[in-house]
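Me: I would like a close look at a single part of this structure, the one where a ligand is held. Please set it against the chain as a whole and then go through the other places that deserve a remark.

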Amino acid sequence: MGRREHRSPSEQALRWVEAAVGGNARVVRTARLVGGLTATMDRLSVVAGGREVDVVLRRWAGDQWRDWGPGLVDREAAGLRALAGHELPVPRLLAADRSGGRTGVPALLMTALPGHPARSPKDLADGVRKMASVLSRIHRVPAEELAATDPHGFDERTIHGWTRDAGLAGAVNEAAAGAHESARQPVFVHGDYQPLNMLWRDRALSGVVDWTFAGSGRRETDVGLCRLGLAALLSAEAAEEFLNWYEKEAGVRVDPRCDLRSLLAFGSGWLSHASEQMPHSAPADHQAMAERVETVIRAALARLG
Ligand SMILES: Nc1ncnc2c1ncn2[C@@H]1O[C@H](COP(=O)(O)OP(=O)(O)O)[C@@H](O)[C@H]1O
Ligand SMILES: [Mg+2]
């Protein structure tokens, strides 16, 4: 599967986790988490004060992270600190080792959230509304202290040759290059807000994870990416419903050109990415996936008027 080798946390890392949890904590189990396309993720069960709790350790192991790892730890830690106290279903920061001085590699420790990842919430219509509502609340968290984020770099986007519809490609490239509403009030941006980073328990959206790209930026960065994820994994209708609910819940109009630019983050890598993250339930058909995304892109173009 071309996966990187997974190494269990070192003794040094385990001792660091125990010290961070406190109360004579002992790690009693470790389990690799699915995903980990970039970072190495483990869920650790820790017994402290007679109680067992789960925590999640993200490690930036490998030479390629020597330069970037500390900044990514800083970014996620700053995001989680800013989110604390806002009653959102997000992890609490327990400790950060930006340089790897304590654990060997840049690392971040957070609480584990309840629930499980799913390609689709059990009740899709209700789940889409919850995704929109939680995102509107994330976007209300003060972000003045945070670094700017624009992880998909949509200002340079064009439609990268994955569509078979040449007319659509031409219209999109022209539209994406046009002026958009800039300098609107920046908001707290998750940076990778899409269905693969959500956890569900029954019908509740019980967790939003993966805050590595959190920062201050445009709301469309999250809105467009979530719409893209919904279209790619599920349906174009779900992506359109998400936009309707988001605009209602947030009380703002999404800039259609910025939305369109985020939608253009789609590409040929999405199918393999989805199957790495969801080995048992990923969509199998790239063409069907691309056609659902095209439907949403056409609707976004129509909104430009
Ligand atoms: N705080 C957390 N609580 C529970 N599960 C988590 C937590 N953080 C991550 N996970 C699980 O691990 C998976 C991978 O973590 P994520 O942060 O999304 O990294 P990546 O996308 O780089 O693999 C998530 O999809 C989720 O299932
Ligand atoms: Mg993720």
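Reply: In counting charges, Lys and Arg are taken as positive and Asp and Glu as negative, while His and the chain ends are left out. On that count the chain has 38 positive and 38 negative charges, and their mean positions lie 4 Å apart. The model is a predicted one, and what follows should be read with that in mind.

The background first. The chain holds nine helices and nine strands. Its radius of gyration is 20 Å, close to the 19 Å that the globule rule gives for 305 residues, so the chain is as compact as a globular protein of that length. Along the principal axes, the C-alpha atoms fill a box of roughly 60 × 40 × 40 Å. Half of the chain is covered: 50% of the 305 residues count as buried. The exposed area comes to about 14,100 Å², and carbon and sulfur atoms supply 50% of it. Many contacts span long stretches of sequence: of those between residues at least 6 apart, 72% join residues at least 24 apart.

Now the part you asked about. The magnesium ion (ligand 2) has two protein donors, Asn197 through OD1 and Asp210 through OD, at 2.1 to 2.2 Å from the ion. These residues are 13 apart in sequence and link distant parts of the chain. Asn197 sits in the loop between β6 (187–189) and β7 (198–201), whereas Asp210 sits in the loop between β8 (204–208) and β9 (215–217). As for cover by the protein, Asn197 has a relative accessible area of 5%, which makes it buried because the limit for that class is under 20%.

The loop between β7 and β8 contains Asp202. Asp202 has a positive phi of about 50° although it is not a glycine. That deserves a remark because most residues other than glycine have a negative phi. In contrast to the buried donor Asn197, Asp202 is exposed, with a relative accessible area of 58%.

A positive phi also turns up at Glu87, again not a glycine, where the angle is about 55°. Glu87 lies in the loop between α2 (69–83) and β4 (93–97). With a relative accessible area of 71%, Glu87 counts as exposed. Both residues therefore fall in the exposed class, whose cut-off is over 50%.

Helix α2 also contains Gly69. Gly69 is buried, at 0% relative accessibility. Apart from neighbours within four places in sequence, Gly69 is in contact with Trp60 and Pro106. Arg261, on the other hand, is 192 residues away along the chain, and the C-alpha atoms of Gly69 and Arg261 are separated by 27 Å.

In strand β5 (residues 107–111) the residue to look at is Thr111. Its relative accessibility is 17%, which still counts as buried under the 20% limit. Beyond the neighbours within four places in sequence, the contacts of Thr111 are with Asp54, Val55, Val56, Pro91, Arg92 and Leu94. Gly35 is 76 residues from Thr111 along the chain, and 17 Å separates their C-alpha atoms.

Turning to the later helices, α8 (residues 270–277) has Trp270, Leu271, Ala274 and Glu276 buried. The buried residues of α8 pack against α5 (219–233) and α9 (286–304). The loop between α7 (256–263) and α8 holds Leu264, which is buried with a relative accessible area of 0%. The C-alpha atoms of Leu264 and Gly224 are 8.8 Å apart, although the two residues are 40 apart along the chain.

Helix α6 (residues 236–250) contains Glu237, and here the surface is open: at 57% relative accessibility, Glu237 counts as exposed. Glu237 and Asp123 are 114 residues apart in sequence, with their C-alpha atoms 14 Å apart in space.

To return to the ligand, the magnesium ion is held by Asn197 and Asp210 as its protein donors, and these come from two loops, one between β6 and β7 and the other between β8 and β9.

Definitions and conventions
Residues numbered from 1 in each chain as written. Chains lettered and ligands numbered in written order. Predicted model: local features only at pLDDT ≥ 70, side-chain atom pairs only at ≥ 80, totals over all residues. Heavy atoms only, no water. Helix = DSSP H or I, 4+ residues; strand = E, 2+ residues; numbered from the N terminus. Rg over C-alpha atoms; globule rule 2.2 N^0.38 Å. Buried < 20%, exposed > 50% of the residue type's maximum accessible area, 1.4 Å probe, protein only. Contact = heavy atoms within 4.5 Å. Areas by Shrake-Rupley, 256 points an atom, 1.4 Å probe, with all protein chains shown as cover. Charge placed at Lys NZ, Arg CZ, Asp CG, Glu CD. Donors = N, O, S within 2.8 Å, 3.2 Å for Na, K, Ca; no water.
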